[in-house]
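Colleague: I am new to this one and would love a close look at a single part of it. Could you pick a stretch and walk me through it?

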Amino acid sequence: MFGLGFWEIAAIVVVAIIVFGPDRLPDLARQAAGFVKTVRRMAENAKTELTNELGDDLKDLGLDDITNLDPRKVVRETLLGGETPAKVETSASSQPAPNSYLPEGVKAPFDEEAT
């Protein structure tokens, strides 16, 4: 959960108990749960409203469901015509050696105005 392990969550709970006390902690947990419910409801309402407003336009684009609006998926389908890219397996021997992209003695291009 959020990249936190068991010990990090346990430390947060212990600090919360020390700072807020065991008497106020249930009320704070209830308020946090209410906040999460409110945010979820707002996100669902926004999703529903967007689907209602763009319903016909989404169908014209072939996007009947708003979950199909993932930018990576749209770009992939546009560029590759709906094909999923094949995974290329590389071995350690097929990897180019570091700094071997340019011929020996050739400097990399440098734009003076860009820096």
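**A close look at helix H1**

Modeller: Happily! Let us begin at the surface, where Leu4, Ile9, Ile12, Val13 and Ile17 make a nonpolar patch of about 380 Å². One of these residues, Val13, lies in helix H1, and its relative accessible area of 41% makes Val13 partly exposed. Please keep in mind that this is a predicted model.

Helix H1 itself covers residues 6-53. If a helix of 48 residues were straight, it would span 70 Å at 1.5 Å a residue, yet the end C-alpha atoms of H1 are only 43 Å apart. Where does H1 kink? Look at Gly21, where there is a kink of about 105°. The proline Pro22 comes shortly after that point.

Move along to Asp27 and Arg30, whose side chains meet in a salt bridge, with 2.7 Å from N to O. The structure holds one salt bridge, so this pair is worth a moment of your time. Side chains of opposite charge can pair when their charged atoms come close. How are the two placed along the helix? Asp27 and Arg30 are three residues apart in H1, which means that about one helical turn separates them. An α-helix has 3.6 residues a turn, so residues three or four places apart point the same way. Are the two partners buried or exposed? Asp27 counts as partly exposed, because its relative accessibility is 40%, while Arg30, at 55%, counts as exposed.

Now step back to the whole chain. The protein chain has three helices and zero strands, and its elements run α-α-α from the N terminus on. Of its 115 residues, 5% count as buried. The chain exposes about 10700 Å², and carbon and sulfur atoms supply 60% of that area.

A last word on confidence. The mean pLDDT of the chain is 76, with 69% of the residues reaching 70 or more. Among the elements, H1 has the highest mean pLDDT, 89, and helix H2 (residues 55-60) has the lowest, 66. Where pLDDT is low, the predicted coordinates should not be read in detail.

How values were computed
Residues numbered from 1 in each chain as written. Predicted model: local features only at pLDDT ≥ 70, side-chain atom pairs only at ≥ 80, totals over all residues. Heavy atoms only, no water. Helix = DSSP H or I, 4+ residues; strand = E, 2+ residues; numbered from the N terminus. Expected span 1.5 Å × (residues − 1). Bend = angle between axes of the 7 residues up to and from the residue. Patch = residues over 30% accessible without salt bridge, like charges linked within 9 Å, V, L, I, M, F, W, Y side chains within 5 Å. Areas by Shrake-Rupley, 256 points an atom, 1.4 Å probe, with all protein chains shown as cover. Salt bridge = Lys/Arg side-chain N within 4 Å of Asp/Glu carboxyl O. Buried < 20%, exposed > 50% of the residue type's maximum accessible area, 1.4 Å probe, protein only. pLDDT = per-residue confidence, 0-100.
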